[in-house]
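Work through the exercises below with the structure open beside you. Try each task before reading its solution.

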Amino acid sequence: AKASMWEPALSLMTSMVAQGIRPDVYSFNSCIAACCRGSEIDKAINLLTEMRSKGVRPDGITYGTIISSCDTNLLPHKALHAFAEMRRDEIRHDY
């Protein structure tokens, strides 16, 4: 059941924005994690892009979630790309 929770998570995020609530790093991280649990890696990466475009700074949890999910889903090129972005942005993954 957890795997299918990415759709309600994205729907909630859309509703928040429609109500004028600005998503923060925690909101984005929750949606990214839900997408990753559902193996929707491209959706998670799109959320990372959206996050940055809205001025929300990703953190170590953001990148760690995406990198771990890429590894689990045998997508090493995407994991390496995310890791390079994390290093470029000088974000530490220290949890």
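Helices are DSSP runs of H or I with at least four residues, numbered from the N terminus. With that numbering, helix 4 is followed by Leu74, whose phi is positive, near 60 degrees. The structure is a predicted model.

**Exercise 1. The length of helix 4**

Task: Check whether the span of helix 4 agrees with its number of residues.

Solution:
- Step 1. Helix 4 covers residues 60–72, which is 13 residues.
- Step 2. The expected span is 1.5 Å times one less than the number of residues. For helix 4 the result is 18 Å.
- Step 3. The end C-alpha atoms of helix 4 are 18 Å apart, which agrees with the expected span.

**Exercise 2. The two ends of helix 4**

Task: Find which residue caps the N-terminal end of helix 4, and describe Leu74, which follows the helix.

Solution:
- Step 1. The cap is Asp59: one of its side-chain oxygens lies 3.0 Å from the backbone nitrogen of Ile61.
- Step 2. Leu74 lies in the loop between helix 4 and helix 5.
- Step 3. The phi of Leu74 is near 60 degrees, a positive value in a residue other than glycine.
- Step 4. Exposed means over 50% relative accessible area. Leu74 has 70%, so it is exposed.

**Exercise 3. What surrounds helix 4**

Task: List the buried residues of helix 4 and say which helices help to cover them.

Solution:
- Step 1. Buried means under 20% relative accessible area. In helix 4 the buried residues are Gly60, Thr62, Tyr63, Gly64, Thr65, Ile66, Ile67, Ser69 and Cys70.
- Step 2. The cover over these residues includes helix 2 (25–37), helix 3 (41–53) and helix 5 (76–88).

**Exercise 4. Parallel or antiparallel?**

Task: Classify three helix pairs by the angle between their axes: helix 4 with helix 5, helix 2 with helix 4, and helix 2 with helix 3.

Solution:
- Step 1. Angles under 35 degrees count as roughly parallel and angles over 145 as roughly antiparallel.
- Step 2. Helix 4 and helix 5 pack at an angle of about 160 degrees, and their axes are 8 Å apart. Helix 4 is therefore roughly antiparallel to helix 5. On the helix 4 side, Tyr63, Ile66, Ile67 and Cys70 make the contact; on the helix 5 side, Lys78, Ala79, Ala82, Phe83, Glu85 and Met86 do. The crossing of helix 4 and helix 5 is left-handed.
- Step 3. Helix 2 and helix 4 cross at roughly 5 degrees, and their axes come within 9 Å. This pair is therefore roughly parallel. Helix 2 contributes Val25, Asn29, Ile32, Ala33 and Cys36 to the contact, and helix 4 contributes Ile61, Thr62, Thr65, Ile66 and Ser69.
- Step 4. Helix 2 and helix 3 cross at roughly 165 degrees, with axes that come within 7 Å. Helix 2 is therefore roughly antiparallel to helix 3. The residues in contact include Phe28 and Cys35 of helix 2, and Leu47 and Leu48 of helix 3. The crossing of helix 2 and helix 3 is left-handed.

**Exercise 5. Two residues of helix 2**

Task: Decide whether Asn29 and Cys36 are buried or exposed, and name their contacts away from sequence neighbours.

Solution:
- Step 1. Asn29 lies in helix 2. Its relative accessible area is 11%, so Asn29 is buried.
- Step 2. Leaving aside neighbours within four places in sequence, Asn29 is in contact with Met51, Asp59, Ile61 and Thr62.
- Step 3. Cys36 also lies in helix 2. With a relative accessible area of 9%, Cys36 is buried.
- Step 4. Not counting residues up to four places away in sequence, Cys36 touches Ile41, Ala44, Thr65, Ile66 and Ser69.
- Step 5. Cys36 and Cys70 are 34 residues apart in sequence, and their C-alpha atoms are 8.3 Å apart in space.

**Exercise 6. After helix 5**

Task: Describe Asp89 and Glu90, which lie in the segment after helix 5.

Solution:
- Step 1. The side chains of Asp89 and Arg88 are joined by a polar contact of 3.1 Å.
- Step 2. Leaving aside neighbours within four places in sequence, Asp89 is in contact with Arg52, Arg57 and Tyr63.
- Step 3. Glu90 is not a glycine, although it has a positive phi of about 55 degrees.
- Step 4. Glu90 has 68% relative accessibility, so it counts as exposed.

Methods. Residues numbered from 1 in each chain as written. Predicted model: local features only at pLDDT ≥ 70, side-chain atom pairs only at ≥ 80, totals over all residues. Heavy atoms only, no water. Helix = DSSP H or I, 4+ residues; strand = E, 2+ residues; numbered from the N terminus. Buried < 20%, exposed > 50% of the residue type's maximum accessible area, 1.4 Å probe, protein only. Contact = heavy atoms within 4.5 Å. Polar contact = N/O pair within 3.5 Å; in protein donor to acceptor, adjacent residues only side chain to side chain. Axes fitted to C-alpha atoms, helices over the stretch in contact; angles between N-to-C directions. Parallel < 35°, antiparallel > 145°, perpendicular 65-115°, else oblique. Left-handed = near helix turned anticlockwise from the far one by under 90°.
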